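Work through the exercises below with the model open beside you. Each task is followed by a solution in steps.

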Amino acid sequence: MTGKIRKGKDIMEYKAEEKERIPIISIENVSMKFRIAEEKVASLKEFFIRTLEGKNTYREFYALKEVSFSVYPGEVIGIIGTNGSGKSTLLKLVAGALFPSEGKILVDQKKVQLLTLGTGFDLELTGRENVYLNGAIIGYTKEYIDEKYEEIVKFAELEGFMEEKVKNFSSGMVSRLGFAIATARETPEILILDEVLSVGDMFFRKKSEQRIQQMIHSGSTVLIVSHSADVIVKNCSRAVWIEKGVVRQIGEPKEVCKAYKNMGE
Amino acid sequence: MKMDQIKQLRQYGFVIRQLVSREIKRKYTRSYLGILWSVLNPLMSMVVISMVFSTMFQRVENYSIYFLTGNIIWQLFTGATTSAMAALVDNKSLLIKVKLPKVIFPLSRVGAAFVNFLYTFVAYLLMLMVFRIKPSVMMLLFPIAALFLLLFCIGISYLLSIVYVFFGDIKHLYSVLLTLWMYCSAIFYPIDSTPEMVQRLIAENPIYNYISCVRKCMIYQTMPSAGELGRMVFWGIGCYAVGRFVFIRLQNQIMQEL
């Protein structure tokens, strides 16, 4: 409920202030091109033969095409679109994991935290070992994990399971653990959430949404990617709809989501 | 800025340690004895090999140890490079999600192979005692040789892991090349049993050079010649530098291929 009230008020403010404020993320004419071999060349021999015959053709595929928009401090931006529309590519670009083929992204990479679930979980290891492995990969120091360990386990409600191998966990347990590790950090200035808001059972979902809300309210700028319109409407102050790599609409979440839903019908 | 860099390096060290321990735990995940196998396995195969070969090459003094010394070096090299080759491809999903230097992935595979090597080394020391090789000051050269060998392995691993992203075939080609390379490294035959021309060729082989240095300091307890020591340093540093240069140059291109 709080999300709704906040959103209504903020929209008006944004419109008034937008001109004066300096964007925290500025995306200018960004295109991301991937090269896809027309026919997959499976071997070196084949590659040479094809190159000699001049048959090594590539199809250029734009995951994103001339995308531009700015994000201002304190905004909660929802990015919506069907599978394969380029949402996640956009996030990876902002997070600095990929470099755009054309255009510019202006953002202080140090402030950005990309929150994804279970990055680098290893099913053959125990829950405890995975907390350390996963934590190290997403940038926690050993001391920090030592300190937060109990808290993470408690939040994930996995007391007594941590010495089990993760392959024996249910999928809900795995994502709960992933969520708990990923959100154990101090809230960063720019937070990017890649489909993390629909984890676990009903009760855990409530808890996780609360935690995300907390992070949002602590004043960070948030980018949320989701293909669920509900999540966007509930949490965001502005929405961006991307379809086949092109920005279709930017604006009030309700309107954008309505247009998005209409497309499907 | 300085402090930040140190903190970052410490963090990368932590990531590498975690990844190395994962590789090792994974390897022994289904066995009861677990990490003990790292010592037991080489020990047992050493016993078998000693039994089989010691009568065959009686001409060579302490043949088993001669073979074992070459073999542990060779195993480190092949273990490190073949597993590091696939490091980037195997960790594809991680690479596109996390802002970590990409060198971490091949490095941690080499690290895992090196930890394994250290366990094997324990077994090797036991065998030295069994064969009554007396400890000597020369043995202190071993860690230095191992260090340069490690650098050599890292360099080759960097190159292979990059090439593997572009051509999966390299895996098969490399295993053939390794077989050839092994026969040229005088691991299980004495080098003076070959024609002079072949001998000169083998002497240029960097792996043989490492093996020879280690044999000299561990078994014969003599100082390796200046040429050998020079080549040991040259191959280690040179290979590392080339590998690193190529890796850094190409690491952004691989993201599109993955």
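Relative accessible area sorts residues into three classes: buried is under 20%, exposed is over 50%, and partly exposed is in between. This is a predicted model.

**Exercise 1. Backbone outliers**

Task: Find where Gln221(B) lies, and decide whether Gln221(B) is buried, partly exposed or exposed.

Solution.
- Step 1. Locate the residue. Gln221(B) lies in the loop between helix 10 (206-220) and helix 11 (226-250) of chain B.
- Step 2. Apply the cut-offs. The relative accessibility of Gln221(B) is 26%, so Gln221(B) counts as partly exposed.
- Step 3. Check the backbone. Most residues other than glycine have a negative phi. Gln221(B) is not a glycine, yet has a positive phi of about 55°.

Task: Repeat the analysis for Asn29(A), starting from its phi.

Solution.
- Step 1. The phi of Asn29(A) is positive, about 50°, although the residue is not a glycine.
- Step 2. Asn29(A) sits in strand 1 (residues 25-37) of chain A.
- Step 3. With 46% relative accessibility, Asn29(A) counts as partly exposed.

**Exercise 2. Aromatic pairs**

Task: Classify the ring pair Phe121(B) and Phe142(B), and place both residues.

Solution.
- Step 1. Pick the descriptors. A pair of aromatic rings is described by the distance of the centres and the angle of the planes.
- Step 2. Over all chains, the structure holds 20 aromatic pairs. For Phe121(B) and Phe142(B), the centres are 4.4 Å apart and the planes are at 15°, so this pair is stacked.
- Step 3. The pair links distant parts of the chain, 21 residues apart: Phe121(B) is in helix 6 (residues 104-130) of chain B, and Phe142(B) is in helix 7 (residues 141-166) of chain B.
- Step 4. Add accessibility. Phe121(B) counts as buried at 16%. Phe142(B) is buried at 6%.

Task: Classify the ring pair Phe152(B) and Trp235(B).

Solution.
- Step 1. The centres of Phe152(B) and Trp235(B) are 6.3 Å apart and the planes stand at 90°, so the pair is edge-to-face.
- Step 2. Phe152(B) is in helix 7 of chain B and Trp235(B) is in helix 11 of chain B, 83 residues apart.
- Step 3. Phe152(B) is buried, with a relative accessible area of 2%. Trp235(B) is partly exposed, at 28%.
- Step 4. Widen the view. Ring pairs link Phe152(B) and Trp235(B) into a cluster whose members also include Trp74(B), Phe77(B) and Trp181(B).

**Exercise 3. A charge and a cavity**

Task: Which ring lies under the charged end of Lys207(A), and which residues line the second largest cavity?

Solution.
- Step 1. The charged end of Lys207(A) sits over the ring of Phe155(A), 4.7 Å from its centre.
- Step 2. Phe155(A) also lines the second largest cavity, along with Glu151(A), Ile152(A), Ala180(A), Ala184(A) and Arg211(A).
- Step 3. The volume of this second largest cavity is about 30 Å³.
- Step 4. Helix 5 (residues 142-156) of chain A gives the most to its lining, with three residues.
- Step 5. By class, that lining has four nonpolar, no polar and two charged residues.

**Exercise 4. The largest pocket**

Task: Which element gives the most to the lining of the largest pocket?

Solution.
- Step 1. The largest pocket has a volume of about 1400 Å³.
- Step 2. Its lining has 42 residues; among those nearest the centre are Gln113(A), Gly139(A) and Tyr12(B).
- Step 3. Helix 1 of chain B gives the most, with six residues.
- Step 4. The lining divides into 19 nonpolar, 13 polar and 10 charged residues.

Terms used:
Residues are numbered from 1 along each chain as its sequence is written. Chains are lettered from A and ligands numbered from 1 in the order in which they are written. This is a predicted model: local features need pLDDT of at least 70, side-chain atom pairs count only at pLDDT 80 or more; totals for chains, interfaces and linings use all residues. Side-chain values use heavy atoms; hydrogens and water are left out. Helices (H or I, at least four residues) and strands (E, at least two) are DSSP runs, numbered from the N terminus. Buried means under 20% relative accessible area, exposed over 50%, partly exposed in between (1.4 Å probe, protein chains only). Rings of Phe, Tyr and Trp (its six-membered ring) pair if their centres lie within 6.5 Å; planes under 30 degrees apart count as stacked, over 60 as edge-to-face and the rest as tilted. A charge sits over a ring if NZ of Lys or CZ of Arg is within 6 Å of the ring centre and within 35 degrees of the ring normal. On a 1 Å grid over the protein atoms alone, a cavity is a set of points where a 1.4 Å probe fits but cannot get out, and a pocket is an open set with protein on both sides within 12 Å along at least five of seven lines; lining residues have an atom within 4 Å of a point. Grid points are joined across faces, edges and corners, and a volume is the space filled by probe spheres set on the points. Ala, Val, Leu, Ile, Met, Phe, Trp, Tyr, Cys and Pro count as nonpolar, Asp, Glu, Lys and Arg as charged, and the others, Gly among them, as polar.
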